[in-house]
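User: I'd like to learn how to read a few features in a structure. Could you take me through them one at a time?

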Amino acid sequence: ALDGARDEMRSLAQLQRVADAAPGVLVVWAIAPDGRGELRFASRGVADLLGGVRAPSWRLTSALRKLLAPEEYRRLVNGCCAAVGAERPVTMTLAIRHPERGARRIELIANHEVHLDGGRLFHGYLHDVTDRYQSAAALEEIRQTHQDVFENSSECIFVLDRDGDGGFRVV
């Protein structure tokens, strides 16, 4: 029995090292039938990603309510419930208020299982996608600027192509 316990401890330590080496944050959280949430596991990156939140001593519900605007928190809960009802993974991007870095975008990808008592257990991955959102917004701004210049120009642009007779045609 003692050897089995040592093997299990070694396995858990190895799992913790793997989880801590992964980019982003690996999490396991439970939602009881009465709606209470509890973080059961989070890799070490949770403190950096969510701004000072320490694993595993914090309660998911209270921590998320501090980081998320009320409508974002409702969207998270509704998204998790919808994924459970549709028997599909949870995939969503959340806007959080990081205490040091300000507004951030965090992507959540999680699988879940429903327990016999009606509670849910989620195994997920969180990572910061703020740079991707900022890049997409910058590209859209550039596209819109070019479109405005093109549409508001008093000049005309023709695209010509050679025709078979040695002349040109408007494309």
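User: Let's start inside helix 5: how far apart are Glu-140 and Arg-143 there?

Analyst: One thing first: this is a predicted model. Side chains of opposite charge can pair when their charged atoms come close. Here, Glu-140 and Arg-143 sit three residues apart in helix 5, so about one helical turn separates them. They form a salt bridge, with the closest N and O atoms 2.6 Å apart. Glu-140 is partly exposed at 38% relative accessibility, and Arg-143 is partly exposed too, at 40%.

User: How many salt bridges does a search of the whole structure find?

Analyst: Four turn up. One of them pairs Asp-128 with Arg-104, whose closest N and O atoms are 2.9 Å apart. Asp-128 belongs to strand 5 (residues 120–128) and Arg-104 to strand 4 (residues 102–114), so this pair ties together parts that are 24 residues apart in sequence. As for burial, Asp-128 is partly exposed with a relative accessible area of 27%, while Arg-104 counts as buried at 15%.

User: And which residue forms a salt bridge with Glu-107?

Analyst: That's Arg-132, and the closest N and O atoms are 3.3 Å apart. Glu-107 lies in strand 4 and Arg-132 in helix 5 (residues 130–152), so the link joins parts that are 25 residues apart in sequence. Glu-107 is buried, at 16% relative accessibility, whereas Arg-132 is partly exposed, at 46%.

User: Now cysteines. How do I decide on a disulfide, and how many are there?

Analyst: You check the distance between the two sulfur atoms, with 2.5 Å as the cut-off. By that rule the count is zero. Cys-80 is in no disulfide, and its nearest cysteine sulfur, that of Cys-81, is 6.9 Å away. Seen from Cys-81, the closest cysteine sulfur is the one in Cys-80, and 6.9 Å is too far for a bond. Cys-80 is buried, with 4% relative accessibility, but Cys-81 is partly exposed, with 37%.

User: Next, Ser-43. Is that residue buried or exposed?

Analyst: Buried: its relative accessible area is 1%. In the chain, Ser-43 is placed in the loop between strand 2 (37–42) and helix 2 (46–50). To read a residue like this, look at what surrounds the side chain. A polar atom of the Ser-43 side chain lies 2.9 Å from the backbone nitrogen of Leu-26. Leaving out residues up to four places away in sequence, Ser-43 touches Gln-16, Ala-19, Asp-20, Gly-24, Val-25 and Leu-26.

User: What about the backbone? What is phi of Glu-87?

Analyst: It's near 55 degrees, a positive value in a residue other than glycine. Glu-87 is in the loop between helix 4 (70–86) and strand 3 (90–98). With 72% relative accessibility, Glu-87 counts as exposed.

User: Last one, the surface. Which residues make the nonpolar patch?

Analyst: For a patch, you look for nonpolar side chains that sit together at the surface. Leu-160, Phe-168 and Val-170 make one here, of about 320 Å². Phe-168 is in strand 7 (residues 168–170), and at 52% relative accessibility Phe-168 counts as exposed.

Definitions and conventions:
Residues numbered from 1 in each chain as written. Predicted model: local features only at pLDDT ≥ 70, side-chain atom pairs only at ≥ 80, totals over all residues. Heavy atoms only, no water. Helix = DSSP H or I, 4+ residues; strand = E, 2+ residues; numbered from the N terminus. Buried < 20%, exposed > 50% of the residue type's maximum accessible area, 1.4 Å probe, protein only. Polar contact = N/O pair within 3.5 Å; in protein donor to acceptor, adjacent residues only side chain to side chain. Contact = heavy atoms within 4.5 Å. Patch = residues over 30% accessible without salt bridge, like charges linked within 9 Å, V, L, I, M, F, W, Y side chains within 5 Å. Areas by Shrake-Rupley, 256 points an atom, 1.4 Å probe, with all protein chains shown as cover.
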